[in-house]
Amino acid sequence: MSKKSEPNRNKIPPIGWVELIAGAMLVLFGASLINDPVVSFKGGVEADISPFNVPAAAVSIGIGLYLLWNSMSKTVPDETTCPKCGEVFSSDDTSVGNCPSCGSKLRK
Ligand SMILES: [Zn+2]
């Protein structure tokens, strides 16, 4: 960790990078399984899983998409500041369109 303050850090949405990368790898792995049912392991070992490659690919892509979705849903929704009372809340709170604190109309 850097000891220097990073003013731009807040601009980066807190995506779950581990899930994002793992999900992308699983999707790519699943996609490659459909085209090529031979899985290569380190050390030159290869396994032909052709009877199972499509379901295995589906599972892999499914988990991958789930992880991708999870990573995306970790992003903080846009924060809205009430123009009247200055209260800050997430867009989830403002879906009704009014400030939960003072009830004044919020602009999107
Ligand atoms: Zn308000």
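## Starting at valine 88

Set aside the neighbours within four places in sequence, and valine 88 is left touching Glu79 and Thr81. This is a predicted model, and valine 88 sits in strand β4, which covers residues 88–90. Is valine 88 buried or exposed? Exposed, because its count of C-beta neighbours inside 10 Å is 10, and a residue with 12 or fewer falls in that class.

Proline 100 comes 12 residues away along the chain from valine 88, and their C-alpha atoms are 9.9 Å apart.

## The overall layout

Zooming out, the chain has two helices and four strands. Reading from the N terminus, the order is α-β-β-α-β-β. Of the 108 residues in the chain, 13% are buried. Take the contacts with a separation of 6 or more: 47% of them join residues 24 or more positions apart.

## How far to trust it

Mean pLDDT for the chain is 79, and 74% of the residues reach at least 70. Which element has the highest mean pLDDT, and which the lowest? Helix α1 takes the top spot with 91, while strand β3 (residues 79–81) is at the bottom with 75. As a rule, predicted coordinates should not be read in detail where pLDDT is low.

## Helix α1

Helix α1 runs over residues 17–35, 19 residues in total. Its first and last C-alpha atoms are 27 Å apart, close to the 27 Å expected at 1.5 Å a residue. Gly23, Leu26, Gly30 and Leu33 are the buried residues here. Why do the buried residues of α1 line one face of the helix? Looking down the axis, they fall within an arc of 90°, so they end up on one face. The general background is that an α-helix has 3.6 residues a turn, so residues three or four places apart point the same way. On the other side of α1 you'll find Trp17 and Asn35, both exposed.

Leucine 20 also belongs to α1. It counts as partly exposed because 16 other C-beta atoms lie within 10 Å, and that class sits between the 12 or fewer of an exposed residue and the 20 or more of a buried one.

## Helix α2 and its partner

Helix α2 has 21 residues, and its end-to-end C-alpha reach is 30 Å, close to the 30 Å expected at 1.5 Å a residue. Its buried residues are Asn53, Ala57, Ser60, Gly64, Leu67 and Ser71. These cover an arc of only 100° around the axis, which puts them on the same side of α2. Pro55, Trp69 and Ser73 are exposed, on the face turned away from that buried side.

What do the buried residues of α2 pack against? They pack against α1. Seen from the other helix, the cover over the buried residues of α1 includes α2 (53–73). For one distance between residues far apart in sequence, try leucine 20 and tryptophan 69: 49 residues separate them along the chain, yet their C-alpha atoms are 8.3 Å apart.

## What the record adds

The unreviewed UniProt entry annotates residues 12–32 and 52–69 as "transmembrane region". In the model, the stretch 52–69 is 94% helix and 0% strand. The C-alpha atoms at the two ends of that stretch are 25 Å apart.

Conventions
Residues are numbered from 1 along each chain as its sequence is written. This is a predicted model: local features need pLDDT of at least 70, side-chain atom pairs count only at pLDDT 80 or more; totals for chains, interfaces and linings use all residues. UniProt positions are given in the numbering used here, feature names are shortened, and annotations may be inferred rather than shown by experiment. Two residues are in contact if their C-beta atoms, placed from the backbone, lie within 7 Å. The expected span of a helix is 1.5 Å times one less than its number of residues. The arc is that of the directions from the helix axis to the C-beta atoms. pLDDT is the predictor's confidence in each residue, from 0 to 100.
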